[in-house]
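Here are my notes on the model you sent, set out point by point. Please read them with the structure open beside you.

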Amino acid sequence: MRRYLVGGAVRDRLLGLPGGDRDWVVVGATPEEMIRAGYLPVGKDFPVFLHAQTKEEHALARTERKTAPGYHGFVFHAAPDVTLEQDLARRDFTINAIAEAEDGTLVDPYGGQRDVDARVLRHVSPAFAEDPVRILRAARFLARFAPLGFTIAPETLQLMRGMVAAGEVDHLVPERVWQELKKALEMPQPSAAIALLRDCGALARLLPEVDALYGVPQRPEYHPEVDTGVHLEMVLDMAARLAPGDALIGFCALTHDLGKALTPKDQLPRHVGHEHGGVRPLRAVCARYKVPAEYAAVAEIVCREHLNIHRLAELRADTVHELIARCDGFRKPERIRQLAIACEADARGRLGRQETPYPSAALLLELHAAAAAISAGHAVASGLSGPDVGEWLRKARIAAIQSAKE
């Protein structure tokens, strides 16, 4: 029985990154031997065990064989005669197919160290094409590692294009697409994920509403980058900068301008009413991928209200109050903070405007705080009851907003 540290722990150490979870592969053992050695069995589809003290995962070396379309269509084989090299061969990228023996020796049969040094994301073998989830994983890894200079290997991109053409992505289940998309939105450069999905053709199959934004022009005085798809990528990266690791803000950035793809050609490059037109395609995306309700709700708020926030200083106090109420911002104040961040990402996700101040964000928080400080308890203390409380509360909050604006 020999055990090797594998996967992300080895890769991240070579990249000089902080270590995360440590996963191990065990060669030359049976499940019975693992249990006798004190490991706790937890695997359902194939033999995985937890170390009794460290609780780190230990999986028996295994091979896999494609038997049906999609990512469920695999048969796994784990046995003492499966070699470490065979186990590493089934992994997705060379940088994830490096093992480290307990004495620190690296086992790298597929050139992972070379690709770490060259900052290249490259598939291990043609078996990559058998699992469509690997397209999503490639996008997620690029969103994580693009800031370090990583690019996709040309032959890997070509393989991904072939997978899309063969219809493999059509077999992905919605929950898995959302899971990988959410992780990509948590990464430091989510635009790299969207760009890669578009480059291989998967974006048009998975998120046609987003793919349709590319090539759609905007008014250059507001959007020097002109292309709506380019703007989207810039907003995604600005959202990751303003709210690192926050997938909800990232999802708002991804979907805030979907209405621009629906603008009639004779109206371009103006996009009158796109903030309302974008609600329908946004809801379609949320329904398709069973997006969590709070993500869907906040994304719709950002889609519908972002132009109002951009011109917040011009709005009357009663209009601001109604906006906050529409967002359910008195019951759920966190939504106002999220709206402010997403709108700032939109405003600064433009060519040459990345460092431009966005006073509307601070103003929105200030006006919301002033209004939220007035509660129904104040009305009740004044002797009011029933509908009179609501009307008093509305007027008092509007007055508070007006006072804060002055």
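1. G201, which comes just after helix α8, takes a positive phi of about 95 degrees. Please keep in mind here, and in every point below, that this is a predicted model.

2. The helix that precedes this glycine, α8, spans residues 190–200 and is mostly covered, with eight of its 11 residues counted as buried. The buried positions in α8 are P190, S191, A192, A193, I194, L196, L197 and C200, a list that readers may wish to follow along the helix in the viewer.

3. On the overall make-up, the chain has 20 helices and 11 strands, and its C-alpha atoms fill a box of roughly 80 × 55 × 35 Å when this is taken along the principal axes. Buried residues make up 50% of the 406 residues in the chain. Of the contacts in the chain with a separation of 6 or more, 65% are between residues that lie 24 or more positions apart.

4. As for the surface, the accessible area of the chain comes to about 18100 Å², and 53% of this belongs to carbon and sulfur atoms. The chain carries 50 positive and 54 negative charges, and the mean positions of these two sets are 3 Å apart.

5. In what order do the strands of the open sheet lie? Seven strands form this sheet, in the order β3-β4-β5-β2-β1-β8-β9, and the pairing within it is mixed. The edges are taken by β3 (40–41) and β9 (106–107), each of which pairs on one side only.

6. The pairings around β1 and β2 can be followed residue by residue. Strand β1 (residues 2–6) runs antiparallel to strand β2 (residues 23–27), and five bridges join the two; within this pairing, L5 has W24 of β2 as its bridge partner. β1 also pairs in the antiparallel sense with strand β8 (residues 99–101), over three bridges, and here V6 stands opposite A99. β2, in turn, pairs with strand β5 (residues 57–60) in the parallel sense over four bridges, with H58 in β5 as the bridge partner of W24. W24 therefore has one bridge partner in β1, namely L5, and another in β5, namely H58.

7. The largest nonpolar core has 99 residues, and those with the most contacts inside it are I135, F251, L254 and L339. Helix α5 (residues 133–145) gives the most to this core, contributing nine residues. A second, separate core of 14 residues includes V6, L84, A99 and V124, so that the facing pair V6 and A99 from the sheet belongs to a nonpolar core as the term is defined, that is, buried residues joined through side-chain atoms within 4.5 Å. As general background, nonpolar side chains in soluble globular proteins tend to be buried together.

8. Which residues does F251 touch, once its neighbours within four places in sequence are left aside? F251 is in contact with W178, L185, L282, V285, C286, V291, Y295 and A299.

9. Finally, L17 deserves a separate look, and is found in the loop between α1 (8–14) and β2. L17 counts as partly exposed because its relative accessibility is 27%, a value that falls between the limits of 20% for buried and 50% for exposed. Leaving aside its neighbours within four places in sequence, L17 is in contact with D12, R144, F145 and L148. L17 and T83, which are 66 residues apart in sequence, are 29 Å apart in space, C-alpha to C-alpha.

Key
Residues are numbered from 1 along each chain as its sequence is written. This is a predicted model: local features need pLDDT of at least 70, side-chain atom pairs count only at pLDDT 80 or more; totals for chains, interfaces and linings use all residues. Side-chain values use heavy atoms; hydrogens and water are left out. Buried means under 20% relative accessible area, exposed over 50%, partly exposed in between (1.4 Å probe, protein chains only). Contact means heavy atoms within 4.5 Å. Accessible areas come from the Shrake-Rupley method with a 1.4 Å probe; for residues, only the protein chains shown count as cover. Lys and Arg count as positive and Asp and Glu as negative; His and the chain ends are not counted. The place of a charge is taken as NZ of Lys, CZ of Arg, CG of Asp or CD of Glu.
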